[in-house]
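Okay, thanks everyone, I'll keep this short. Let me put the structure up and then talk through it.

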Amino acid sequence: MARYRELSKSMDVNLTAETFDSARLLLKTGYLQWGRANWRGVTGGNCTYFAGVTIGFLSDNSKLVPEGATVEQFNLLARGEGHAFVVIGRDPQSTSATLATWGKRCFIVDQWYARQRRTSPGIFAVKDLEQDSPFYDAAFLKFIREGGTISRGPAFSYQELTQLR
């Protein structure tokens with residue numbers, strides 16, 4: 001809500017059931033704008049910042065996103081702790097809380113996890129779900145599958161990612 005109040009200072013918006021969709025769009029736009037404005041300057045921070053920075057970077061560098069793909073932040077919730085990462089191109093028919101249904105064509109970007117590792121493939125921020133890929137990281141996928149409850153955070157269609165500027 002603090003981000004909503006900050007973004008709506010120059011607008012006459014009261015949060016009600018009728019204005020909720022507008023508020024959601026305002027927050028999504030603000031989140032994307034924050035990531036786009038700050039991805040170059042963030043050199044450290046927690047996983048949520050890394051996820052926001054990744055989405056901002058992808059918005060500025062949309063040629064790295066397959067056309068039509070959705071870019072989503074996901075959160076891994078476990079015992080009062082958590083983790084955030086970005087998923088690109090998840091099968092839209094999949095179940096967001098179940099990694100096994102996401103499809104082999106999507107990929108994950110997790111800068112924070114990569115910074116904690118010392119050997120390949122762990123050091124790569126991009127994680128592929130196909131076993132024959134050099135970016136396949138069984139330990140990472142086990143961490144996601146068994147590390148807690150997977151929940152979907154902010155999500156951007158390819159069109160939103162490339163047009164919300």
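I'll go through a helix pair, then the empty spaces, and finish with a peptide bond.

One thing up front: this is a predicted model, so please keep that in mind as we go.

Let's start with two helices, α2, which covers residues 20-38, and α3, which runs over 47-60. Their axes come within 7 Å and cross at roughly 85°. Angles from 65 to 115 degrees count as roughly perpendicular, so that is what we call α2 and α3. Who makes the contact? On the α2 side you have Tyr31, Leu32, Trp34, Gly35, Arg36 and Asn38. From α3 come Thr48, Tyr49, Ala51, Gly52, Val53, Ile55, Gly56, Phe57, Ser59 and Asp60. By class, that contact is a mix: eight nonpolar residues, six polar and two charged.

Now, the holes. Searching the whole structure for cavities of 30 Å³ or more turns up one, and its volume is about 40 Å³. Which elements give two or more residues to its lining? Those are α3, β2 (81-88) and α4 (111-115). The biggest giver is α3, with four residues. If you want to click along, the lining includes Cys47, Phe50, Ala51 and Thr54, and also Ala84, Phe85 and Val86. Then there are Val109, Asp110, Gln111 and Trp112. Sorted by class, eight lining residues are nonpolar, two are polar and one is charged. Ala51, by the way, is also one of the α3 residues touching α2.

Next, the largest pocket, with about 280 Å³ of space. It is lined by 14 residues, and the closest to the centre are Thr54, Phe57, Val109, Gln111 and Ala125. Here the elements giving two or more residues are α3, β3 (107-109) and α4. Again α3 gives the most, this time five residues. The pocket lining splits into 11 nonpolar residues, two polar and one charged. You'll have heard some of these names already: Thr54, Val109 and Gln111 line the cavity too, and Phe57 is part of the contact with α2.

Last item. Where is the cis peptide bond I wanted to show you? Look between Ser120 and Pro121, where omega is about 0°. Pro121 sits in the loop between α4 and β4, the strand at 126-128.

So, if you take one element home, take α3: it crosses α2 at roughly 85°, and it gives the most residues to the lining of the cavity and of the largest pocket. That's me done, happy to rotate things if anyone wants another look.

Key
Residues numbered from 1 in each chain as written. Predicted model: local features only at pLDDT ≥ 70, side-chain atom pairs only at ≥ 80, totals over all residues. Heavy atoms only, no water. 1 Å grid on protein atoms, 1.4 Å probe; cavity = no way out; pocket = protein on both sides within 12 Å on 5 of 7 lines; lining within 4 Å. Points joined across faces, edges and corners; volume = space filled by probe spheres on them. Nonpolar A, V, L, I, M, F, W, Y, C, P; charged D, E, K, R; others polar. Axes fitted to C-alpha atoms, helices over the stretch in contact; angles between N-to-C directions. Parallel < 35°, antiparallel > 145°, perpendicular 65-115°, else oblique. Contact = heavy atoms within 4.5 Å.
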